[in-house]
Amino acid sequence: MSLFENTVVIDGLNTSAETREVFEAMRRGGIDAANWTCVSWESCAATLHNVAAWKQRFVDHADLIAQVYTTEDIRRAKQEGKLGIFIGWQNSSGYDDYLPFVAIFAELGVRVVQLTYNTANAVGSGCYESEDRGLTDFGHDLVAELNRNAVLIDLSHTGARTTAETIRASKRPVCHSHTLPAALRPHPRNKSDEELRLLAQHGGFVGATAFPAFLRRGNESTIEDYVDAIEHLINVVGERQVGIGTDYTEGRSPEFFVPISLDKGYGRRLRDDAAGYIPEAIGRLDSLFPALAAEMDRRGWKQSRIEGLLGENWLRFLDDAWLKA
């Protein structure tokens, strides 16, 4: 059997267009499961519409995709030749600051929630906020409720102080589903080695994004640069605590990128690099994971390490993260 037949391959963060063409590209690329974003700034009402749209997609494309609630669902989707999708949020705005909604959305299949998206909310501060005031009292309550409902906490876009306080407050390990090391490229979205070590010391997990703005050579980056960044993460947090979280936006129209560059989707401009550019030198969804495996093999990595990075590490981490208390 080939490497991809034996290995569960997981994309820890994807926000591409929700189309059959994209789903098919992911299956061609060997991807078995993905955390798919359905919230950035949306309110509870808008989020319900987004979740309902996903429920309909699972019906319309039942031959190709399946909703994931547990890691057993991921394994089952692979056996059936389908793409398993677990719904994720990149902001906790969908709860409308009402804690009882955590359990309701968990029942609907929301399995990963990022606390803040770039700037501040009632929970804490994002990485683009001018002053990070840390996890609020309500933020502590939300962390406890997410823990109680076995919803994985994501801190990819969260500010440094809020991140550190969340890591220490959470009774369950948390993750950076899509980030890169600031040691290789200083950027508000990248994490320092100190931040990464704190996460690792508390059992957390890091998904390495292929977004070029965060890589060492920006849009000139290649698959070699990407694997260099992955290798740095491994050296800092450990081999078993690193996976892939592409943050790919394939199939999106130019209009998609306007609100995600602005505070709350409409306010001040936060960044100029949110253009969704995916360099061919790294690869698209139908070629990235095979290219990664080939580059890792060229470097002499053991097969067990390659399998772990492609998805088995994510699978093992999610086994614990989603285990009901």
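**Notes on helix packing, one pocket and F4**

1. Let's start with a pair of helices: α7 and α8 are roughly parallel to each other. Keep in mind as you read that this is a predicted model. Why roughly parallel? Helix α7 (residues 160-169) and helix α8 (residues 193-201) pack at an angle of about 15 degrees, and angles under 35 degrees count as roughly parallel. Their axes are 10 Å apart, and the crossing of α7 and α8 is left-handed.

2. Which residues make that contact? On the α7 side, look for A160, A164, I167 and R168; on the α8 side, find E195, L198 and L199. Sorted by class, the contact of α7 with α8 has five nonpolar and two charged residues, with no polar ones.

3. Now try helix α9 (residues 223-237) and helix α10 (residues 288-298), which pack at about 70 degrees with their axes 10 Å apart. That angle makes α9 roughly perpendicular to α10, because 65 to 115 degrees counts as roughly perpendicular. From α9, the contact uses I223, E224, Y226, V227 and I230. From α10, L288, A291, L292, E295, M296 and R298 join in. The class tally for the contact of α9 with α10 is eight nonpolar, three charged and no polar residues.

4. A third pair is helix α4 (residues 71-79) with helix α11 (residues 303-321): their axes cross at roughly 145 degrees and come within 9 Å. T71, I74 and R75 of α4 meet L315, L318 and D319 of α11. The residues of this contact divide into three nonpolar, one polar and two charged.

5. Next, go to F4, which you'll find in helix α1 (residues 3-6). How far apart are the C-alpha atoms of F4 and L310? The answer is 9.1 Å, although these two residues are 306 residues apart along the chain. L310 is also one of the residues F4 touches, if you leave out residues up to four places away in sequence. The others on that list are V9, G29, G30, K78, F289, P290 and A293.

6. Last stop: the largest pocket, which holds about 270 Å³ of space. How many residues line it? There are 16, and C38, E42, N50, R252 and F256 lie nearest the centre of the pocket. Helix α3 (residues 44-60) gives the largest share of the lining, with four residues. By class, the lining of this pocket has eight nonpolar, four polar and four charged residues.

How values were computed:
Residues numbered from 1 in each chain as written. Predicted model: local features only at pLDDT ≥ 70, side-chain atom pairs only at ≥ 80, totals over all residues. Heavy atoms only, no water. 1 Å grid on protein atoms, 1.4 Å probe; cavity = no way out; pocket = protein on both sides within 12 Å on 5 of 7 lines; lining within 4 Å. Points joined across faces, edges and corners; volume = space filled by probe spheres on them. Helix = DSSP H or I, 4+ residues; strand = E, 2+ residues; numbered from the N terminus. Nonpolar A, V, L, I, M, F, W, Y, C, P; charged D, E, K, R; others polar. Axes fitted to C-alpha atoms, helices over the stretch in contact; angles between N-to-C directions. Parallel < 35°, antiparallel > 145°, perpendicular 65-115°, else oblique. Left-handed = near helix turned anticlockwise from the far one by under 90°. Contact = heavy atoms within 4.5 Å.
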